[in-house]
Each structure stands twice: as C-alpha cells, then as structure tokens.
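Colleague: Got a minute to walk me through this one? I'd like to poke at the charges and the odd backbone spots.

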Amino acid sequence: MSLSHRLTVRGLIVVGLALALVIGGVGRVAGASPLEATAVTGGAFFERADAAGLGFAIRNYADGPAFYDAYLRLGGAQTLGPPVSRPWVDDGGLVYQVTQRVLLQWSPADDQVGVASLFELLNDAEFGDELRARHIPTAETPPTLAPELAQQARLNWMTDRAISAKFANSPRGRASLDASIQFYGLPMSRPIRLGPFVVQRFQRTALQHWVEQVADGQPVGSVVLVNAGDIYRDLALPDELLAEPHEPDHAAVLDVRLDPPADADLQTAPIAQRVYNTDSHILRTALALLEGVEVNAVALEFAASAQLAIGFDTLPGDVLATYHASLGIRVNEKWRREDPPPLAAVLAHELRHFEDFRLGRLGEDSQSCLDAEARALTREVETWTALVSDDDPSPQASELVRIQSSRAAVYAEGPDAIDDLARRLYQEDCDKTPVVETEA
C-alpha cells in the first residue's frame, strides 16, 4: 500500500492513557451521541463531545468513494465506530478515511471500499513500542510456504476459541471465510494474555477476548474490536489537518500528494440505497442491512416511496416495536444501542405489517390480526436467519438477540409452531386492537 512511506510517529502516549483507550473497546467512543448522527449531503455527520459542535462526516463522492454506503453495509457506528478523520487522497488515487475501529480504503481501479490493513502499515520497528503500549501484540513472521498453505497456517494461529468464533462469523454474523478475511485480515500474531483480556492482532484490526472483570471493562466472555482506527490516527495520519474536527457542511477531501496538501476535486453524491424517513443513523444502518435481504424488497420500496416515518419512541418494556397506519413504525427506545442485525429483524416484522396494509391484506377481525402477526413473525425470522449464521446465542448475547434466536428456533419447527407463537404473543392484543395498529 502507498501510505507506508508517509507514516510519521506523532509522539508517545503514556501507558496509562493507552490502556484506557484499548480497554474501551467497542464501548468507548468520542462523540456527543457516538451511535447517532445528523444527516448531511451524501452521508452523515458525527459530532464530537469535546469539539463544540465540530466533528467528522462520512459521505459518498461522485466518481469516487461511496464511503457512507460502505459504512452502513459494514455495520455503521455500532461496528466501525464514528469517523475520526477527514477523507484524503494518497498515491495511486487511493482514498482513505479513518473510523474509530478501522481504516477505510477506496481504490479507483475497482471502485470498491474495503478495510485497509492498518496493522501492516504500522508494522515498522518505529511503531513497536507505541503498539505494545496499546496492548497490540508484536507481529510474528509469516511462514514461508505456498500462498494457500501460508494462509491456512496463519489461520491455525487462532487458538482462542472465542476469538476464533468471532472471526468466523464476521461482523455481520455470516459464516464466510472470505468475508471474515476481508474485514479482519489474516492473523499477524497468536492470541496472548494481556491483563484482563486475551488479544490477537490481525492485518486490519485486533480482537480482545475478556477473561477477567475489571472496572470499566467489557463483560467476561465478550470479544470486541480494538479501537484500531484511533491508534492509527494517533500514530500515523499523513497530515495532522486530517485529524482536526470540522463543521457539518465541510465536505472537502484533502489531497496529501500536493505540497502543501490541498482540497481534491471530489463532489458529494447521493446515498445509493433507498432514502427512508428516519433521522436515526442507527435505524438507517439496520435498514441498509434489510436492503440485502430479498424478502424485504417490496416493503422497503413501499416505505421509501411513501416516506413512512420510522423512529425510536418510549414503549412498554415488553413491546419491541409498533406499526400504526398514521404514526408509522416506532421502535422501543431501549434498543437504541442494539446491534444492527436484531434491529433489522424487528423492522422487518413491522415493515411486513406496512406491506400488508398497502396491499389491502389486513382484515378487521381477531383471526385476521393473528394471521398478520404470523406473517410478520415469519418475515422477522427469515430476515434474522439471513443476517446471522448462529442461532445459538452466547451467554453475553443481548436480550433482543436472545428473543430473535428463540423465535428462529420456533420457526424451525414449522408453520404451525409460528401460528401458535402468534397466538401466545398477540391473542389478547388482537382481540382488542385494530389491525392497523400492531406490535412486535
């Protein structure tokens, strides 16, 4: 990659601060609302809590990187963290932007946005002390073998079962070796115990498996992404201007090939996915996942064309979400920090109700209501199983993940089991609530 010759050390950070940064894992992000954002032309703007209204935007650019589309596809702020730099153009026309946990890279040769191998870029000896201070293991020398044998030999370095399971399912829960390598890269070290966690370094990120409970730490048994983008930003951004927060309407891309660096001629472009009526980045991320699940295509088209209102609201604790013909879809506020896949499944349930409403398939009696709920449950589970590969939740799984896994297990028993589940969950509500107002 072309960035390596531009890397410059930005100074040592004391071990205590480094530990705080790394221990933060996925739970610590800099920003006023780290998982939410303000819509801007071509993407979203994330305000930083320490910058008086300034922050960083992630956008699509015409004839250039569709960073925002890729950001949503990879899981948005919940997975990648908020952006922590401006985008920049480097040698070969490659365009980069740092998020809290990864370095995004766009190549003009294939017009694709992917995750760059930032820990390979930081593999020079000059970064060794800084990386060790941040609890990133020293890279091992890869075996001298044929490429396919060398890859398998490095995959065999994953001897920690929890890290191996996290790697195998990729950030979106799909069991695909290619998808996992594209996101994490190959191992650069074996897993080693460092304080309260076991950590393994990969080409593009690092994973921590927490094995000891400490204050401000992650739950024991959890496996989280290290804030690798923060590490890269602190040590090796090509130009310090890239790390300065900016106004929401600032959309320029810096060309660091110029001396001095200057704004590149890149213009913002519309978001490629359907545009939905929601001001929540979290829900936009979940809706972007639904774009890839074919059974939701009709409902999504209806929702976008009708500008169906979709948002969070305060709902009873046992209600996942609701659909009302005049109010739209309201998701329980308690799920605001939930991961995109289970949120996408909840939205799929309510969108099926909206689809039935638009197609005139909702009746006015209790049985029609139960039939509608059975169809919505089926859509919910079809979406969940399309997005994740493991129906057996881990002990640390969230309440919503456990609900989705439980419903998937019922679905596996057949249509009669789903009908029975619909009766258990919704009989009372269907007896008293109009069909145009439903809840999951």
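What follows is a chat about the fold, its salt bridges and a few backbone details.

Colleague: Before the details, where does this model come from, and how many helices and strands are there?
Modeller: Keep in mind that this is a predicted model. Secondary structure comes to 15 helices and 17 strands.

Colleague: How much of the protein counts as buried?
Modeller: The cut-off for buried is a relative accessible area under 20%. The accessible surface comes to about 18400 Å², with 50% of that belonging to carbon and sulfur atoms. Of the 440 residues, the buried share is 54%.

Colleague: Among contacts with a separation of 6 or more, what share comes from residues 24 or more positions apart?
Modeller: One pair far apart in sequence is E244 and G55, 189 residues apart along the chain, with C-alpha atoms separated by 8.2 Å. E244 sits in the loop between α9 and β12 and is partly exposed at 48%. Over the protein, the share from residues 24 or more positions apart is 61%.

Colleague: On to charges: how many salt bridges do you count?
Modeller: Side chains of opposite charge can pair when their charged atoms come close. Here I use a cut-off of 4 Å between the side-chain nitrogen and the carboxyl oxygen. By that rule the count is 20.

Colleague: Take D356 and R375: which helices does that salt bridge tie together?
Modeller: The closest N and O atoms of D356 and R375 are 2.9 Å apart. D356 is buried at 0% relative accessible area, while R375 is partly exposed at 26%. The two residues are 19 apart in sequence and lie in separate helices, so the pair ties together α12 and α13.

Colleague: And R407 with E380, are those two buried or exposed?
Modeller: R407 and E380 form a salt bridge with 2.9 Å between the closest N and O atoms. That links α14, which holds R407, to α13, which holds E380, across 27 residues. With R407 at 9% relative accessibility and E380 at 0%, and the cut-off at 20%, R407 is buried and E380 is buried.

Colleague: Why can D420 and R423 reach each other from within α15?
Modeller: Their side chains meet in a salt bridge at 2.1 Å, N to O. D420 is partly exposed at 35%, and R423 is partly exposed at 38%. An α-helix has 3.6 residues a turn, so residues three or four places apart point the same way. D420 and R423 are three residues apart in α15, so what separates them is about one helical turn.

Colleague: Which residues do shared salt-bridge partners join into one network?
Modeller: We have already met one of its pairs, D356 with R375. Shared partners extend the picture, and the network consists of R352, D356, R361 and R375.

Colleague: Which residues gather in a patch of negative charge on the surface?
Modeller: One of them is D416, which lies in α15 and is exposed at 61% relative accessible area. The patch is made of E364, D365, D371, D416 and D419.

Colleague: Switching to packing, what covers the buried residues of α11?
Modeller: The buried residues there are A299, L300, F302, A303 and A304. Just after the helix, Q307 takes a positive phi of about 50°. As for the cover, it includes α10, α12 and α13.

Colleague: Where is P260, the residue joined to D259 by a cis peptide bond?
Modeller: Omega for the bond between D259 and P260 is about 0°, which is the cis form. P260 is found in the loop between β12 and β13.

Colleague: Last one: what phi values do D63 and D216 take?
Modeller: D63 lies in the loop between β3 and α2 and is exposed at 78%. D216 is found in the loop between β10 and β11 and is exposed at 56%. Neither is a glycine, yet phi is positive: about 55° for D63 and about 65° for D216.

Note on methods
Residues numbered from 1 in each chain as written. Predicted model: local features only at pLDDT ≥ 70, side-chain atom pairs only at ≥ 80, totals over all residues. Heavy atoms only, no water. Helix = DSSP H or I, 4+ residues; strand = E, 2+ residues; numbered from the N terminus. Buried < 20%, exposed > 50% of the residue type's maximum accessible area, 1.4 Å probe, protein only. Patch = residues over 30% accessible without salt bridge, like charges linked within 9 Å, V, L, I, M, F, W, Y side chains within 5 Å. Areas by Shrake-Rupley, 256 points an atom, 1.4 Å probe, with all protein chains shown as cover. Lys, Arg positive; Asp, Glu negative; His and termini not counted. Charge placed at Lys NZ, Arg CZ, Asp CG, Glu CD. Contact = heavy atoms within 4.5 Å.
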